Structure formats: structure tokens, C-alpha cells
Amino acid sequence: MKNLKFITLVLISTFAGFSQDHFTGLSTSSRVGILNTYLNPAEIVNMSNKFEIDGLGMSVSVTNNKIGYSDLFSNTNLESALFKGSDPVNMNIDAEIHAISFAMKYKRWGFAITTTAHGKMDVVDVDPKLGDALSNSGGNSVIGNSIINSNYNQRLSGTTWGEVGFTLARSLKNTEKYKLNVGATFKLLFPGSYTNMGLDKFNGTISNTGTQLYLTNTTADLNFAYSGGLANNFSNLSDYSKSVFGGLHGFSGDIGINFQWKDKSILNIKKYSNKYKINVGLAIRNIGSMTFKDPNNNSTNYLLKIQGTQSLNLNQFQNVDSTQQIETILLNSGFLTKTQSNKDFTVKLPTLFSAYADVKIITKLYVSGYIQQKLNNNNDNDQITVQNSFTITPRANFGFFEVFSPWTNNAISGINGGIGFRLGGYYIGSGSIVTALINDSKQADIYTGFRWSFL
């Protein structure tokens with residue numbers, strides 16, 4: 001199946017330059033600005049200046065649980081590596097672009113307007129033998145008959161959407177020692193394009209005859225959904241970039257609370273006026289959903305059933321590159337029974353709970369801890385995915401210049417370490433470049449951008 005081959009190729013082409021956790025290490029910095037509000041809207045009251053304008057910011061990541069950095073510089077067949085072992089294949093390719101945004105604070109109030117574009121491609125819990133059969137004609141792992149019994153939903157999905165956010169926060173208590181803030185962000189959602197193929201409770205046998213692969217004695221619940229440009233081609237990068245912002249068809253929100261224990265030793269120095277001994281925050285983010293509406297919209301559930309002497313030739317999937325093509329081949333086979341169909345459909349955002357603490361160790365040296373926990377199930381067909389993670393970031397903040405090194409344990413890619421820098425309003429960093437160079441990292445990411453603060 002070309003879909004899975006394409007995902008492998010994207011990983012190859014972006015690994016050297018491109019975390020599931022966007023702006024890792026930077027978003028917990030004591031140099032507070034608009035980026036901190038993506039983590040917690042209550043932080044906007046802590047801005048280092050009265051006004052801030054964000055220029056173009058970008059964060060791109062690739063995470064997986066199979067292909068390591070060393071595989072890119074060896075003779076390893078990457079498709080073989082992707083489907084090796086018995087663990088299900090998981091992979092995320094995630095891009096986030098921030099357009100012009102504005103924030104200000106006035107007395108105990110903070111306000112921001114933000115614009116963000118998102119693009120995601122996900123592989124969720126794909127059985128390696130089934131993936132190998134569809135992608136490589138079973139050349140890697142299918143020998144003789146292979147029986148697959150899964151009690152979960154395997155997914156391939158892609159999503160693009162845009163957001164315009166309005167953040168409002170207030171300081172409820174502000175004394176010489178302590179500060180307590182609350183905040184919320186209301187987001188308008190503009191779904192662009194979407195595709196999903198889900199295979200739930202797949203039970204079947206793959207038979208390798210030497211030249212052909214056949215599927216026999218099989219049952220599964222299937223979902224095919226598509227909208228916009230991704231309906232025609234799942235593996236064309238231009239289809240992800242040309243239709244990010246659609247019509248207004250959804251809403252979401254973030255809520256957060258923030259507490260600071262102020263550092264009285266530098267309280268009266270203006271440029272350090274919001275420094276602290278400890279800064280703690282809690283937030284629930286991405287509470288909401290969006291509805292896809294397009295002339296070629298479709299979401300259909302099927303029952304796949306192959307019984308007795310019946311068989312499905314899997315080699316015919318080798319050259320497909322869209323969800324529609326896969327659906328058409330299966331319909332023509334006569335093994336699908338439609339159970340439900342909808343013209344328009346709703347997709348949930350990746351709701352998550354997050355908590356963090358940034359602690360001053362000595363003058364100019366801080367250490368922060370950040371944890372995020374998903375609140376929804378990535379295996380659901382109507383769900384955009386997010387991963388559980390935990391990050392520790394030591395940083396040195398010299399005011400105009402800052403250097404930090406985030407170390408993250410990601411649910412898919414494991415432990416990764418990186419480094420980042422801030423020079424005034426310009427920033428650049430990666431959450432995985434260190435482990436990519438010294439270890440067999442299964443994650444690669446980069447982020448960069450510029451922001452201008454004044455008064």
C-alpha cells in the first residue's frame with residue numbers, strides 16, 4: 001500500500017531536520033510571551049513586557065517506535081525496519097505554524113489574539129504483519145499462513161485545520177510574595193481536509209503463495225472517512241498544505257490556572273519584575289471538535305467478512321494512494337456490507353491535561369518539569385491523536401540570551417534530548433537533536449520563530 005510507503009519516505013526526508021510536544025523547553029521559559037499561552041492561557045498576565053507581536057513561528061516533528069536514527073545511515077531497508085518485530089506500528093508527523101499574533105497586558109488583565117495552522121499524519125497501532133502484507137507484499141514477515149487477531153482499532157489518518165484564538169486572563173491575587181492567575185482561550189476552528197481508515201477488531205489469515213498474498217477467514221469493522229483534498233490523495237504533501245483553512249465549522253477552548261512564588265531579592269529591578277522562585281501551572285487544552293463539510297465528504301462504516309473458500313488478493317493494493325481507492329477495491333470485491341453512512345462528520349480535537357513547574361535553582365539557572373496526559377482514545381476513528389509525555393528542562397536565562405536543554409520521555413519514541421537557544425526575540429531549538437547524534441533516537445523535530453516585545 002503506497003500510503004505506508006509514503007509515510008516511510010516522509011520520515012526519511014524530514015528526520016535530519018524535523019516533537020510531538022511543540023516548542024519543547026521554550027514554552028516553560030521565564031521569558032513569558034504568547035508561546036507560553038499555548039501551554040496555559042493564564043500565563044498571559046505574566047508577560048515580560050506590556051505588548052508582544054509574534055512573527056512567523058514553526059514547529060515540525062516526526063515520532064515513531066520502529067525506525068531509529070542509525071537506520072538512515074545504514075543499509076537497512078526502511079520498510080523492513082518499520083514492520084519489524086511484533087509490536088504495533090505507531091508514527092506521528094505533526095506540523096504547527098503560528099502566523100501573526102498579538103498580546104497585551106493591562107494592570108491585572110492579559111489579552112491575546114493568535115492564529116495557528118495544523119497538519120497531522122498518524123499511524124495508530126497497525127499490526128506489523130498486516131502492514132507488511134499491504135505495503136511490501138509480505139516480503140518481510142509473512143511466511144506461509146499468518147493469523148492476525150487484534151482487539152483494537154488500527155488507523156491511518158491525516159488532518160489539516162486552522163485556528164483563531166482569543167485569550168483572556170486575570171490575576172486574582174498579586175502581592176509582594178505571591179501571584180495567582182486564571183485564564184481561558186476560545187478558539188474558532190476552520191477544518192481543512194481529512195482522511196481516515198480504521199480497521200477495528202481485525203481477525204483474519206494472510207496466506208503467502210510465493211507470488212501472491214491472500215486474505216481468508218476474515219472479519220473486521222471498517223471506517224472510511226474523507227473530506228477536502230485528502231480524499232483524492234493521502235500521500236501528496238501539497239494536499240496537506242493547500243487546504244489548511246476551510247470554513248468556520250467548530251469551536252474549542254483551553255482553561256488554565258497559574259501560581260507564582262515571587263523572588264523578592266530581585267523584585268525591585270524593573271527588567272526582572274516578574275521573576276520568581278517557582279512558577280506552577282495546570283491546564284486542560286483542546287476541549288472541542290470540528291465538523292468537516294465538503295462536496296466530496298463521506299464517512300461510512302462497513303463490516304468486512306471473508307468466509308469459507310473466499311479470498312481477497314492483497315497485491316492489488318500495492319499502487320493505491322487514497323482512502324477512496326482502497327474503499328473502491330473492497331467494495332468491488334463484494335466482501336463489504338455497509339452499516340452506517342454520513343455525509344458530514346465531526347472530529348474531536350486532542351484534548352489533554354498538562355501540568356508544569358519552573359523552579360529557580362540559583363541566579364539565572366532554572367529547571368522545569370512538564371507532563372501531559374491525553375484524555376481521549378487515539379484509536380477512535382473520530383479522534384485527532386496526541387501522546388503522553390514528560391519533560392525535564394534545565395535552562396540558563398541571562399535576560400537577552402537563554403539556552404536550555406529539554407529531555408522528554410514520549411509514549412511512542414521513548415527518551416529524547418535536545419537543545420535550544422533564544423537571542424532576544426529570535427528562538428531556535430530541537431527536543432531530540434542531542435539523542436539523534438549520540439544515540440539511536442526515534443524522534444526528530446525542530447522549531448524556530450521570532451517575536452517582538454516592547455514597553
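**Strand pairing**

I began by fixing a term: two strands pair if DSSP finds at least two bridges between them. I also noted at the outset that I am reading a predicted model.

With that settled, I looked up strand β10, residues 276-292, and found that strand β9, residues 250-262, pairs with β10 in the antiparallel sense over 12 bridges. As a marker for this pairing I wrote down Ser252, which stands opposite Gly288 in β10.

I then followed β10 to strand β15, residues 352-362, where the pairing is again antiparallel and runs over eight bridges. Here my marker is Gly281, with Tyr356 of β15 standing opposite.

A further partner of β10 is strand β14, residues 345-348, which pairs in the antiparallel sense over four bridges, and in this case Met290 stands opposite Val347 of β14.

**Whole chain**

I recorded the overall figures next, beginning with a secondary structure of seven helices and 23 strands. The chain has 455 residues, of which buried residues make up 56%. I also noted an accessible surface of about 18,200 Å², with 60% of that area belonging to carbon and sulfur atoms.

**Nonpolar cores**

Which residues touch the most other members of the largest nonpolar core? Within this core of 34 residues, I listed Ile206, Leu222, Leu312, Leu314, Phe317 and Leu330 as the ones that do. I then asked where the core draws its members from, and noted that the elements supplying at least two residues each include the helices α3 (78-82), α4 (128-136) and α6 (323-333), together with strands such as β2 (89-98), β4 (109-126) and β7 (178-208). Strand β8 gives the most to this core, with five residues. Apart from this core I found another one, of 10 residues, with Trp161, Leu189, Met290 and Phe345 among them.

I looked more closely at Leu222 and, leaving out residues up to four places away in sequence, found that Leu222 touches Gly198, Leu199, Thr300, Asn301, Tyr302, Leu304, Leu330 and Leu336.

**Ala225**

I stayed on strand β8 for Ala225, which lies in that strand. Is Ala225 buried or exposed? Its relative accessibility is 3%, and Ala225 therefore counts as buried. I noted that Ala225 and Ser299 are 74 residues apart in sequence, while their C-alpha atoms are 4.0 Å apart in space. Setting aside neighbours within four places in sequence, the contacts of Ala225 are Tyr194, Thr195, Asn196, Asn298, Ser299, Thr323 and Phe345.

**Salt bridges**

As a reminder to myself, side chains of opposite charge can pair when their charged atoms come close. I counted 10 salt bridges in the structure.

In one of them Glu52 pairs with Arg31, and the closest N and O atoms are 2.6 Å apart. This pair links distant parts of the chain, 21 residues apart, since Glu52 sits in strand β1 (residues 51-64), and Arg31 sits in the loop between α1 (2-15) and α2 (34-39). I entered both Glu52 and Arg31 as buried.

Next I looked up Lys120 and Asp94, whose side chains meet in a salt bridge at 3.6 Å, N to O. Why does this pair tie together parts 26 residues apart in sequence? Because Lys120 lies in strand β4 and Asp94 in strand β2. Lys120, at 3% relative accessibility, counts as buried, and Asp94, at 5%, counts as buried as well, the cut-off for this label being under 20% relative accessible area.

I also noted Asp200 and Lys201, whose side chains meet in a salt bridge at 3.5 Å, N to O; Lys201 is partly exposed, with a relative accessible area of 44%. Finally, I recorded a network of salt bridges that links Asp358, Arg395, Glu402 and Arg422.

**Aromatic rings**

How many aromatic pairs does the count give? I entered 14. I also marked a cluster in which ring pairs link Phe51, Phe102, Trp452 and Phe454.

**Thr393**

My last entry concerns Thr393, found in strand β17, residues 389-397. Thr393 counts as buried, at 2% relative accessibility. Not counting residues up to four places away in sequence, Thr393 touches Gly25, Tyr366, Val367, Ser368, Phe404, Ser405 and Pro406.

Terms used
Residues numbered from 1 in each chain as written. Predicted model: local features only at pLDDT ≥ 70, side-chain atom pairs only at ≥ 80, totals over all residues. Heavy atoms only, no water. Core = buried A, V, L, I, M, F, W, Y, C linked by side-chain atoms within 4.5 Å. Buried < 20%, exposed > 50% of the residue type's maximum accessible area, 1.4 Å probe, protein only. Contact = heavy atoms within 4.5 Å. Salt bridge = Lys/Arg side-chain N within 4 Å of Asp/Glu carboxyl O. Phe/Tyr/Trp six-rings, centres within 6.5 Å; stacked < 30°, edge-to-face > 60°. Areas by Shrake-Rupley, 256 points an atom, 1.4 Å probe, with all protein chains shown as cover.
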